[in-house]
Amino acid sequence: MTQENVRVLVVDDELGMREGCRKILEPEGYIVESAEDGQAGLELFQRRGDFAIALVDLNMPRMGGMKLIGRLRELDEDVVIFVITAYAAIETAVEATRRGAYGYIPKPFTPDELLLPVRNGIERRALAIEAKRLREERERRLLEVAFERTKASTIISCMTDGVLVINRDKQIVLRNNGMMRILPSCATLSLSSPLSALECPELEKLIEEVLSTDTGPVIASREVALDRCVYMVNASPVLEPNGDVMGAVAVLRDITALKKLDVAKSMFISMVAHEVKNPLAAVENYLTVILKGYVDGEPEKQRDMLERSMVRLNTLRTMVSELINLTAIETGNFTVKRSVLGLTQVVTEALDACRERAEGKKQELSFSCANGAEDVQILADRDSLFIVCTNLIDNAIKYTPEGGAIRVQVAQNGAFLKLSVEDNGIGMSDEESEHVFEEFFRVKNRQTVKEPGTGLGLSLVKRLVEMHDGAISLRSTPGAGSTFTLSLPIAARMGM
Ligand SMILES: Nc1ncnc2c1ncn2[C@@H]1O[C@H](COP(=O)(O)OP(=O)(O)OP(=O)(O)O)[C@@H](O)[C@H]1O
Ligand SMILES: [Mg+2]
């Protein structure tokens, strides 16, 4: 067997020895290079590299063999080094091995006494290189696996959704931070605790469904209410490669906000339907009476019915436009046409629009201006302000019993113009007051039940006021009355 392209370095100060090695090795296919002392050998090794074998004499000028062995080993951990010496002694052998020599070839030697150890050395080197490659490969894969695991567990732990993994024996094997937030009992339990220790029967039932093998693997989804929140729980089986169920994973997503939205939407639709139904039924009745001829020849009654129909239709139109406005604000499509105007004029118009209703309830409706507020101007959208004023005055009339008093006042307050609408009506508790500006909120009690409304008025008012860089506040006492105060920035004073 010849050794093609295997490079051998011979370092010996005896020319005869160097040439002897060359003569034995080259016919076998080895590429032999040589140096006459340790220093020259080291330089050659550094310059040419990739020697598989180094045959090193011990006693040499400039740099001895022992030192050279150490230096070569530092440069290449795979090079197989043999010591060639006539002075074989056990201590030298031990020292040479300690420094990194692989074997010993005593001088003088026969061709076979050189070729055999060199061949062994090459095989050993090949094995060492292969072992190293395998070791590196394994380490790389271990690193990859560790990285993948860390990545997966980081992702799972960072998920806002709760993740819970259960084994076939219904023991907890994984729960992420999200899960511990949702079910604090999860955080105190150790891994391998039974699922039942979570004390969440709905979750337990869902996971049991998934783990049950009777029906084959199933995916179960259900809404579960926990501590005032609603979660959509999706549980699915964890399968072994052969399809057996080895556990289950449950993912809990907080859908509380979506549920609220859903409830609000349903409430909205049913309220709108209700509010639309009543006036429509009334108008239909009046028209039926007229069309069937029940009031033929009674023009006064006909006119009265038509006028009543108009009133109902007007209320309906107001409600629809309130809804359109709110939706427009919500979607950013509400346009305000600002102009410099006096608030008192708008308030007077709103009072005129509401006066009839106040008179119907024998309420006293008064208006006053303080601190020369009538001369103050604001930059605002007239239609929006009219909506704001009529809503506040309308509420005051609606939620004040017959014979009550409603006082509307406009006053200057520093850089702001203040509008207050005060009534001595039914009032509200602090808790109720907190919610009045929320959409669809209506106080439900004996006094409010007969009053029509969608609970949209004040939320529209608040949005419009905020669009004008203003603010609205409320003071209310049950049984004593309410005062809504809004302030708007002043644009100018007339005559200035
Ligand atoms: N002046 C007030 N006095 C007592 N309660 C009031 C007063 N104004 C508002 N509220 C309460 O706040 C709730 C919300 O008012 P809001 O104006 O938003 O709706 P609404 O009057 O019920 O219906 P809408 O104005 O859409 O016709 C009312 O249902 C009522 O319970
Ligand atoms: Mg209202």
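Visitor: In β9, which residue is the bridge partner of Ala220?

Guide: That's Ala235, over in strand β9. Keep in mind that we're looking at a predicted model.

Visitor: What makes β8 and β9 a pair of strands?

Guide: Count the bridges. Pairing takes at least two bridges between the strands, and seven join β8 (residues 220–226) to β9 (residues 229–239), so the two count as paired. They run antiparallel.

Visitor: And how many residues sit between β8 and β9 in their hairpin?

Guide: Two residues, and one thing to look at in that turn is Asp227, with a positive phi of about 50 degrees. What makes Asp227 worth a second look is that its phi is positive although the residue is not a glycine. You'll find Asp227 in the loop between β8 and β9.

Visitor: What does β9 do on the way to β10?

Guide: β9 and β10 form a hairpin too, with five residues between them. In that turn, Gly243 has a positive phi of about 95 degrees.

Visitor: How do you know that β9 and β10 are paired?

Guide: The bar is at least two bridges, and nine join β9 to strand β10 (residues 245–254), so they pass. These strands run antiparallel. For one example, Met232 has Arg253 in β10 as its bridge partner.

Visitor: What makes β6 and β7 a pair?

Guide: Same test: three bridges join β6 (residues 162–167) to β7, against a minimum of two, so they pair. They run antiparallel, and Leu164 stands opposite Arg175 in β7.

Visitor: In what order do β6, β7, β8, β9 and β10 line up in their sheet?

Guide: The order is β7-β6-β10-β9-β8, an open sheet of five strands with antiparallel pairing.

Visitor: Why are β7 and β8 called edge strands?

Guide: Each of them, β7 (172–175) and β8, pairs on one side only. From one strand to the next, the twist averages 25 degrees.

Visitor: What about the sheet that holds β1 to β5: is its pairing parallel or antiparallel?

Guide: Parallel, and this open sheet runs β2-β1-β3-β4-β5. Its edge strands are β2 (31–35) and β5 (103–106), each pairing on one side only. Here the twist averages 20 degrees from one strand to the next.

Visitor: How do you know that β3 and β4 belong together?

Guide: Five bridges join β3 (residues 53–57) to β4 (residues 80–85), and two would be enough, so they are paired. They run parallel. Leu55, for instance, has Phe82 in β4 as its bridge partner.

Visitor: Which strands does helix α3 touch as it packs on the sheet?

Guide: Helix α3 (residues 65–75) touches β1 (7–11), β3 and β4. The direction of α3 makes about 160 degrees with that of β3, on a scale that ends at 180.

Visitor: What makes the peptide bond from Lys107 to Pro108 special?

Guide: That bond is cis, with omega near -15 degrees. Pro108 lies in the loop between β5 and α5 (111–158).

Visitor: Into which domains is the chain divided?

Guide: Domain 1 covers 7–133, domain 2 covers 159–254, domain 3 covers 258–330 and domain 4 covers 338–493. The C-alpha centres of domain 1 and domain 4 lie 104 Å apart.

Visitor: Which residues come nearest to ligand 1?

Guide: Of the 22 residues around ligand 1, the nearest are Tyr399, Val443, Gly453, Gly457 and Leu458. Two elements, α12 (382–398) and α14 (457–467), give two or more residues to this shell. By type, the shell divides into nine nonpolar, eleven polar and two charged residues.

Visitor: Where in the chain is confidence lowest, and where is it highest?

Guide: Lowest in helix α4 (residues 90–99), at a mean of 81, and highest in strand β16 (residues 471–477), at 97. For the chain, the mean pLDDT is 89, and 97% of the residues reach 70 or more.

Notes
Residues numbered from 1 in each chain as written. Chains lettered and ligands numbered in written order. Predicted model: local features only at pLDDT ≥ 70, side-chain atom pairs only at ≥ 80, totals over all residues. Helix = DSSP H or I, 4+ residues; strand = E, 2+ residues; numbered from the N terminus. Axes fitted to C-alpha atoms, helices over the stretch in contact; angles between N-to-C directions. Contact = placed C-beta atoms within 7 Å. Domains from an automatic or database assignment. Near = placed C-beta within 6 Å. Nonpolar A, V, L, I, M, F, W, Y, C, P; charged D, E, K, R; others polar. pLDDT = per-residue confidence, 0-100.
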